[in-house]
Amino acid sequence: MALKKAEEYITSIKSLGLEAYVMGEKASSLHEHPLIKPSLQAAAATFACAFSHDTRDLFRVQSSLTGEEVNRFTHIHQSNQDLINKVIMQRHCGNVTGCCFQRCVGLDAANAVFSVSYECDREHGTHYHERFREYWSRIQREDFMVDGAMTDPKGDRGKRPKDQRDPDLFLRVVEQKPHGVVVRGAKLHQTGMLNSHEMIVMPTMSMRPGEEQWAICFALPTNMTGIRHIYGRQASDTRKMENSLLDVGNPAFGGQEIMTVFEDVFVPEERIFLNGEVDQSDKLVERFAAYHRQSYGGCKTGVGDVLIGATALIARMNGIEKASHIREKIVEMIHLNETLFACGIACSAMGGPTLAGNYQIEMLLANVCKLNVTRFPYELARLATDVAGGILGTLPAAAALDDPEERPFLEKYLSSAEGVSVTDRMKVLRLIENLVVGPGAVGYLIESMHGAGSPMAQRIMIGRQGDLESKINQVKQLLDIS
Ligand code: SF4
Ligand code: FE
């Protein structure tokens, strides 16, 4: 059976024996580590949903490669409905976890590599597409989680890869061998890398003639010799090590971002999907980024739902839910959140087939989706902060509830509307805090700004795809201007 249960997924990840540097030391029992376990649980939710009564039909789909039933997180999209279902699925996962559940990057990478490898073969006579189909069929059969690795460190942003003082600042091929290549470099901001079985590595930007060594795309297991993972920390993350779930805000789930370093790692040829074809790198970057910009129309709205729910609940607990200005703010949050969702659905509904046969979203609308994502979650966070009140930033520690001297004062002076327990009120405040300034803000805010490309990248694409000339011509026609 090609579908893993959540427990089977967790067992299989643990069996990889992955190692990582966490907070300055090599961590043992990585997935029991209090900083990492919540992110593993969030990723596991993507497996659990394929077995849950309410969502199994959404999360299960027949594979176009193997004919078997697979998890939609490994699916090669076959229709506009598949693209729409992806966004709905991501929103659901955001609802369930209230954070980044990490599994979308591999899905987005696979769909981009699927079409680009096909087109590369047609233009260059290479044999990447068949290789990729075989590779991805195995991923589907095993129901693996795959990281999609794109972002290079980039060094001096004003210089091309070959002009950097250190050429490794863009991941590159350092040696071509008879049956593979040796690569060196790093990938930053790797979402869910330590919770993944495999990774697909792609170039970070469009490469030019003369930059062949940086135009490389391949797959490797995450536990490959020569690869090192360095854990990226998040705001207030050490609260996860304090044994107080209340102060963490999101008690069960969290995101994960990793710096992954490749020290002269051999990649066998059956795992290479681009090697020096610089003219294909642009397409690969654009398509992966566009799929991930669509993804945010799902996952960020799912987390947005959680923030809206928490904001409405704290307003109720504070006894102000009926105040007109509060209702107005909640409506504004819903409006912004649904606008993001509408963009995710729109770019899916307007997508179409690639030459390879899988479905690609409509690029302009995917970029509009992501540009909105760089703004709206910040506005939602501002409104949530406004409604929640100043106590959001000054709340005593959960440990105060266990202290017999402090607790009576908390019970007395943090009480709010009739029947609301102080502990429950603190839980909701901490969840909001988690999302607006705590560890959840990494996924909900900073990643909304920079994930799948910073705002300027979307503006450039919108400028390119907005088809300004045809708009000018429409006006000329309307006014009879030659
Ligand atoms: Fe998925 Fe969203 Fe996390 Fe990206 S940020 S991996 S789209 S949940
Ligand atoms: Fe992301």
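## K5, ahead of the first helix

K5 is partly exposed, with 15 other C-beta atoms within 10 Å. Keep in mind here and below that this is a predicted model. K5 belongs to the segment that comes before α1 (6-14).

Which residues does K5 touch, once those up to four places away in sequence are set aside? The answer is F47 and F51. Q234 is another story: 229 residues along the chain separate this residue from K5, and the two C-alpha atoms sit 29 Å apart.

## Two aspartates with positive phi

Most residues other than glycine have a negative phi. D143 goes the other way, with a phi near 50°, and D264 also has a positive value, of about 50°.

Where do we find D143? Look in the loop between α6 (128-142) and β5 (146-149). D143 has 22 other C-beta atoms within 10 Å, so this residue is buried. If you skip the neighbours within four places in sequence, the contacts of D143 are A2, L3 and K4, together with V70, N71 and T74. Y9 is worth a look too: 134 residues separate Y9 from D143 in sequence, yet their C-alpha atoms are 8.4 Å apart in space.

D264 has a strand for its setting, namely β11 (residues 257-268). Is D264 buried or exposed? D264 counts as exposed because there are 10 C-beta neighbours inside 10 Å, and the cut-off for exposed is 12 or fewer.

## α4 against α9

Now for some helix packing. Helix α4 (residues 80-97) packs on helix α9 (residues 324-349) with the axes 7 Å apart and an angle of about 160° between them. Angles over 145 degrees count as roughly antiparallel, so that is how α4 runs relative to α9. The crossing of α4 past α9 is right-handed.

On the α4 side, the contact is made by N80, L83, I84, V87 and R91; α9 brings F341, G344, I345, S348 and A349. Sorted by class, the residues of this contact between α4 and α9 come out as 6 nonpolar, 3 polar and 1 charged.

## α8 against α14

A second helix pair to look at is α8 with helix α14 (residues 422-436), whose axes cross at roughly 145° and come within 10 Å. What is the hand of the crossing as α8 passes α14? This one is left-handed.

From α8 the contact takes L307, A310, T311, L313, I314 and M317. Facing them from α14 are R425, V428, L429, L431, I432 and L435. The class count for the contact of α8 with α14 is 10 nonpolar, 1 polar and 1 charged.

## The shell around ligand 1

α8 turns up again here. How many residues of the shell around ligand 1 come from α8? It's 3, the largest share. At least two residues each are supplied by α5 (104-124), α8 (278-317) and α15 (440-450).

To trace the shell in the structure, start with C100, F101, Q102, C104 and V105, then go on to T191, then S295, Y296 and C299, and finish with G443, E447 and G451. By class, these surroundings of ligand 1 are 6 nonpolar, 5 polar and 1 charged.

Methods:
Residues numbered from 1 in each chain as written. Chains lettered and ligands numbered in written order. Predicted model: local features only at pLDDT ≥ 70, side-chain atom pairs only at ≥ 80, totals over all residues. Axes fitted to C-alpha atoms, helices over the stretch in contact; angles between N-to-C directions. Helix = DSSP H or I, 4+ residues; strand = E, 2+ residues; numbered from the N terminus. Parallel < 35°, antiparallel > 145°, perpendicular 65-115°, else oblique. Left-handed = near helix turned anticlockwise from the far one by under 90°. Contact = placed C-beta atoms within 7 Å. Nonpolar A, V, L, I, M, F, W, Y, C, P; charged D, E, K, R; others polar. Near = placed C-beta within 6 Å. Buried ≥ 20, exposed ≤ 12 C-beta atoms within 10 Å, placed from the backbone.
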